[in-house]
Amino acid sequence: MSRYVVVGAGVAGLTIARQLSAAGHAVAVVERDEVVGGLARSWHYGDFHFDVGPHRFHTDSPRVSSFIREVLGDDVIEIPRRSGVRMFGGFHAWPLRPSVLFAMPFKYMVRGAFDLLRRERLEGESFEADIVNKYGRTLYSIFFEPYTKKFNFASPRDLHQDWGRAGVNRAVIDKRASADTLWSLLKTTLLPKPVETTFLYPPKGVGTFSEKLAEDIVTAGGRILLDCPVTGLDSDGRRVTAVRTSTDRIPCDGVVWTAPLPLAASLLGLPVPELEYLSTVFYNLEIHAPDRIGFQWTYYGGDEVFFHITNLEQDWDVPHGFAVMGANTSELLVMPGQTQTITWKPTRPGVFPFYCTDFCSALHQEMQGYIRVSPKGSSTKITYNTGQ
Ligand SMILES: Cc1cc2nc3c(=O)[nH]c(=O)nc-3n(C[C@H](O)[C@H](O)[C@H](O)COP(=O)(O)OP(=O)(O)OC[C@H]3O[C@@H](n4cnc5c(N)ncnc54)[C@H](O)[C@@H]3O)c2cc1C
């Protein structure tokens with residue numbers, strides 16, 4: 001029996017800790033946060049369960065899915081995957097269906113057809129080369145390039161193809177929806193029936209998985225130390241001999257590190273790798289209305305901003321309008337109980353007022369606000385003050 005310290009109680013750390021403790025090793029999981037789950041944790045608010053952004057268990061590996069089922073027991077459901085993209089002015093199911101071909105501007109259709117006939121060949125191992133060689137320049141420039149830039153703030157030109165392939169495979173998952181070339185992608189699109197893929201999900205949030213892993217670890221004699229950031233690593237020059245927290249020193253024969261790598265390097269006095277981390281802002285909404293879009297995950301392409309305006313008035317004679325400079329919506333009238341959507345594309349940095357365009361009530365003049373459009377790459381914080 002060996003003594004292991006696992007740093008980080010996300011799915012990676014907990015899965016390894018569960019396997020180690022089931023194999024009879026003494027395991028301590030050390031976690032900075034007050035709850036387990038890391039990026040795949042959940043929290044609960046009234047009857048609602050929130051994950052850190054949309055999370056789904058989707059795999060084509062029977063071994064992985066039977067492990068997930070084993071851990072979750074009865075707390076799992078299998079549901080059809082519903083993903084979407086918003087492109088060319090409308091919502092489209094992903095993997096794409098023929099409707100997207102008809103929504104495509106004519107020039108892209110022509111260019112796409114041309115790509116099928118004449119293959120551009122790029123040298124190298126970049127994600128750009130991989131996509132252009134497989135699907136052609138048109139699909140690259142209308143979908144993959146802006147998607148990657150929006151998600152990762154990096155150009156596919158600067159990313160290795162392995163990263164991109166993993167992402168594309170993850171998006172497709174089902175081998176029937178083959179997408180190795182533009183031809184096969186097109187064939188998938190034209191299948192009479194969409195390829196139905198499913199995923200596993202614990203109804204009380206993806207965090208249930210980590211909570212169950214933690215229970216299994218404790219049942220097998222392991223320890224989970226929460227609210228316990230690692231502050232130091234002792235080493236004999238060859239291996240880590242103990243993990244330090246603000247209150248404890250935990251001697252060990254081995255460490256599994258799943259927290260950010262630069263921290264491990266700096267605690268060991270090694271050169272710290274220059275890794276960039278992206279911050280993500282999540283908005284969690286409690287919505288008491290039927291789902292209007294029907295997708296569990298939707299990618300919004302382009303730079304358009306969407307305003308979904310709902311009129312919450314109780315009195316039938318209080319409509320509201322909505323305008324923002326350049327959106328040309330002066331005729332918009334949202335009646336009580338209605339929701340209307342407008343799109344707006346910022347064309348330059350600046351501060352743009354938006355306001356109600358219908359003289360609705362005595363509080364009409366309060367119905368206004370501002371949108372700030374920052375220059376590209378800007379890191380100026382959005383703050384407000386009351387002038388004091
Ligand atoms: C919006 C979003 C959606 C996603 N959707 C999916 C999906 O649908 N399917 C899927 O498979 N994956 C999805 N992922 C990816 C998935 O969430 C991650 O790959 C996974 O949760 C990473 O687990 P991890 O254990 O490696 O890392 P983490 O979850 O980051 O765990 C690391 C842990 O280390 C802890 N830690 C950090 N510093 C210290 C310290 N000094 N001392 C102690 N502990 C420390 C952290 O608090 C954290 O709990 C998604 C991710 C995001 C952000």
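**Exercise 1.** Describe how helix 4 (residues 106–117) and helix 6 (residues 137–152) cross, and name the residues in contact.

*Solution.* Start with the axes: those of helix 4 and helix 6 come within 7 Å and cross at roughly 130°. Axes are lines fitted to C-alpha atoms, for helices over the stretch in contact, and angles run from 0 to 180 degrees between N-to-C directions. Helices are DSSP runs of H or I with at least four residues, strands are runs of E with at least two, and both are numbered from the N terminus.

Next, classify the angle. Under 35 degrees is roughly parallel, over 145 roughly antiparallel, 65 to 115 roughly perpendicular, and the rest oblique. The crossing therefore makes helix 4 oblique to helix 6.

Now list the contact, which needs C-beta atoms, placed from the backbone, within 7 Å. Helix 4 gives Tyr108, Arg111, Gly112 and Asp115; helix 6 gives Arg137, Thr138, Leu139 and Ile142.

The model is predicted: local features need pLDDT of at least 70, side-chain atom pairs count only at pLDDT 80 or more, and totals for chains, interfaces and linings use all residues. Residues are numbered from 1 along each chain as its sequence is written.

**Exercise 2.** Locate aspartate 227 and decide: buried or exposed?

*Solution.* Aspartate 227 sits in the loop between strand 9 (223–225) and strand 10 (230–235). Count its neighbours: 12 C-beta atoms lie inside 10 Å, so aspartate 227 is exposed. The cut-offs within 10 Å are 20 or more other C-beta atoms for buried, 12 or fewer for exposed, and in between for partly exposed, with C-beta atoms placed from the backbone.

Check the backbone too. Phi of aspartate 227 is near 55°, a positive value in a residue other than glycine. Most residues other than glycine have a negative phi.

Notes: Two residues are in contact if their C-beta atoms, placed from the backbone, lie within 7 Å.
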